[in-house]
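Work through the exercises below with the sequence and the model side by side. Try each task before reading its solution.

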Amino acid sequence: MAQQLAIIVLVDVGNALESRTLTGNTYLFDNMKLQGSRNQGTDELVTAVNGSYWSDGSQAGEQVLNWLPYSLGSIPPTVPRGYHAARTRQAEKDALAELADLAGRTTPNGDTDAALARIQRTVGTRVRAASRTRALSGQQLLDVTGKVVSDHSQGAHSYPAPVITDIFGEAVDEKIIYPAEYGSPDLVTDGWYWSATVDTSRPGTYTYKMRIQLHDLVQRAGESTWEPVNLTCESKLRITADPKRNGFTGAGMGYLPIAPASFA
């Protein structure tokens with residue numbers, strides 16, 4: 001059976017958008033550190049991929065890679081899928097309640113202006129999106145704690161999660177990995193994720209690149225809009241030809257050396 005290897009792509013979206021590069025703004029992790037992966041937590045990760053060979057030298061099976069992109073300093077991806085919509089509805093309900101309260105009492109003009117300004121802050125800023133990112137359109141702007149933001153000029157808003165749009169490069173051209181985007185019921189990945197099988201019959205170190213789409217908040221025609229920004233980063237795979245080993249004993253595959261039970 002193929003082994004599932006996970007690669008976390010953590011992006012400092014704010015700094016990446018400011019510098020327009022993922023270099024120094026991407027932190028890569030995988031679950032193969034104990035198997036020889038190098039440079040964990042940097043943008044120079046080298047993922048170790050075991051060759052999956054039996055002791056007789058025959059190939060035991062392929063390995064499977066899964067890439068999961070996340071945003072550093074944004075709302076955690078583990079919140080419910082409808083979190084943004086729920087926060088938007090709550091902000092609108094609060095604003096309507098304040099309007100009803102304001103309409104039911106007589107106040108001087110100065111107090112009315114202050115109350116309307118407070119209600120505007122409660123509603124927050126609704127953000128549009130480009131045609132290819134309709135999923136983000138109409139959402140309220142939130143900060144990293146989930147509160148509605150009305151003044152995005154302070155730079156305290158939460159960015160949408162990065163999106164991997166392509167995986168290419170040497171490892172793909174040499175047919176070492178076969179990447180594709182798959183649908184999934186996992187709501188954390190919003191129903192989509194990138195995965196690839198690995199040809200472990202060709203040991204060596206191979207590079208590959210990821211094209212990652214970020215979203216920058218810009219003012220266009222008097223409206224706040226999420227503008228897509230496409231950047232690339234590079235990583236490596238190191239495929240070894242070691243035979244399969246028992247994870248408990250470090251020896252070949254077989255029965256565990258369990259001592260015989262003693263009977264009184």
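The exercises cover a sheet, its central strands, aromatic pairs, salt bridges and two buried polar side chains.

The model is predicted, so local features need pLDDT of at least 70 and side-chain atom pairs count only at pLDDT 80 or more, while totals for chains, interfaces and linings use all residues. Residues are numbered from 1 along each chain as its sequence is written, and side-chain values use heavy atoms, with hydrogens and water left out.

**Exercise 1. The sheet**

Task: Give the strand order of the open sheet of five strands, and state which strands stand at the edges.

Solution:
- Step 1. Fix the terms. Strands (E, at least two residues) and helices (H or I, at least four) are DSSP runs, numbered from the N terminus. Two strands pair if DSSP finds at least two bridges between them.
- Step 2. Read the order. The open sheet runs S2-S1-S4-S9-S8, and its pairing is mixed.
- Step 3. Find the edges. S2 (26-30) and S8 (177-183) each have a single partner strand, so one side of each is left without a neighbour in the sheet.
- Step 4. Add the twist. From one strand to the next it averages 25°. Strand axes are lines fitted to C-alpha atoms, and angles run from 0 to 180 degrees between N-to-C directions.

**Exercise 2. Strand S4**

Task: Describe how S4 pairs with S1 and with S9, then decide whether S4 is enclosed or open.

Solution:
- Step 1. Take S1 (residues 4-11). S1 pairs with S4 (residues 63-71) in the parallel sense, over eight bridges. Val9 stands opposite Pro69, and Ala6 stands opposite Asn66.
- Step 2. Take S9 (residues 192-198). Here the sense is antiparallel, over five bridges. Asn66 has Ser195 in S9 as its bridge partner.
- Step 3. Check burial. Buried means under 20% relative accessible area, exposed over 50%, partly exposed in between (1.4 Å probe, protein chains only). Eight of the nine residues of S4 are buried, so S4 is largely enclosed by the rest of the structure.

**Exercise 3. Aromatic pairs**

Task: Classify the pair Trp67 and Tyr208 and the pair Tyr159 and Trp226.

Solution:
- Step 1. Set the rule. Rings of Phe, Tyr and Trp (its six-membered ring) pair if their centres lie within 6.5 Å; planes under 30 degrees apart are stacked, over 60 edge-to-face, the rest tilted. The structure holds three such pairs.
- Step 2. Trp67 and Tyr208 have ring centres 5.6 Å apart and planes at 65°, so this pair is edge-to-face. Trp67 sits in S4 and Tyr208 in S10 (residues 204-220), 141 residues apart. Both are buried.
- Step 3. Tyr159 and Trp226 lie 6.4 Å centre to centre with 55° between the planes, a tilted pair. Tyr159 is in the loop between S6 (139-140) and S7 (163-168), while Trp226 is in S11 (residues 223-239). Both are buried.

**Exercise 4. Salt bridges**

Task: State how many salt bridges there are, and locate the partners.

Solution:
- Step 1. Apply the cut-off. A side-chain nitrogen of Lys or Arg must be within 4 Å of a carboxyl oxygen of Asp or Glu. The count is three.
- Step 2. Arg20 and Asp216 meet at 3.5 Å, N to O. Arg20 lies in the loop between H1 (13-19) and S2 and Asp216 in S10, so the pair ties together parts 196 residues apart in sequence. Arg20 is partly exposed at 42%, whereas Asp216 is buried at 17%.
- Step 3. Asp166 and Arg211 have their closest N and O atoms 3.1 Å apart. Asp166 lies in S7 and Arg211 in S10, so parts 45 residues apart in sequence are tied together.
- Step 4. Arg202 and Glu174 meet at 3.7 Å, N to O. Arg202 is partly exposed at 31%, and Glu174 is partly exposed at 39%.

**Exercise 5. Buried polar side chains**

Task: Find what the side chains of Asp30 and Ser235 contact.

Solution:
- Step 1. Define the contact. A polar contact is a pair of N or O atoms within 3.5 Å; within protein, one must be able to donate a hydrogen and the other to accept it, and residues adjacent in sequence count only if both atoms are side-chain atoms.
- Step 2. Place Asp30 in S2. Asp30 is buried yet has no salt bridge; Lys33, the nearest side chain of opposite charge, is 9.1 Å away. (Lys and Arg count as positive, Asp and Glu as negative; His and the chain ends are not counted.)
- Step 3. List its contacts. The Asp30 side chain reaches the backbone nitrogen of Met32 at 3.0 Å and makes a polar contact with the Ser37 side chain at 2.9 Å.
- Step 4. Turn to Ser235 in S11. Ser235 is buried at 2% relative accessibility, and its side chain reaches the backbone oxygen of Leu45 at 3.0 Å.
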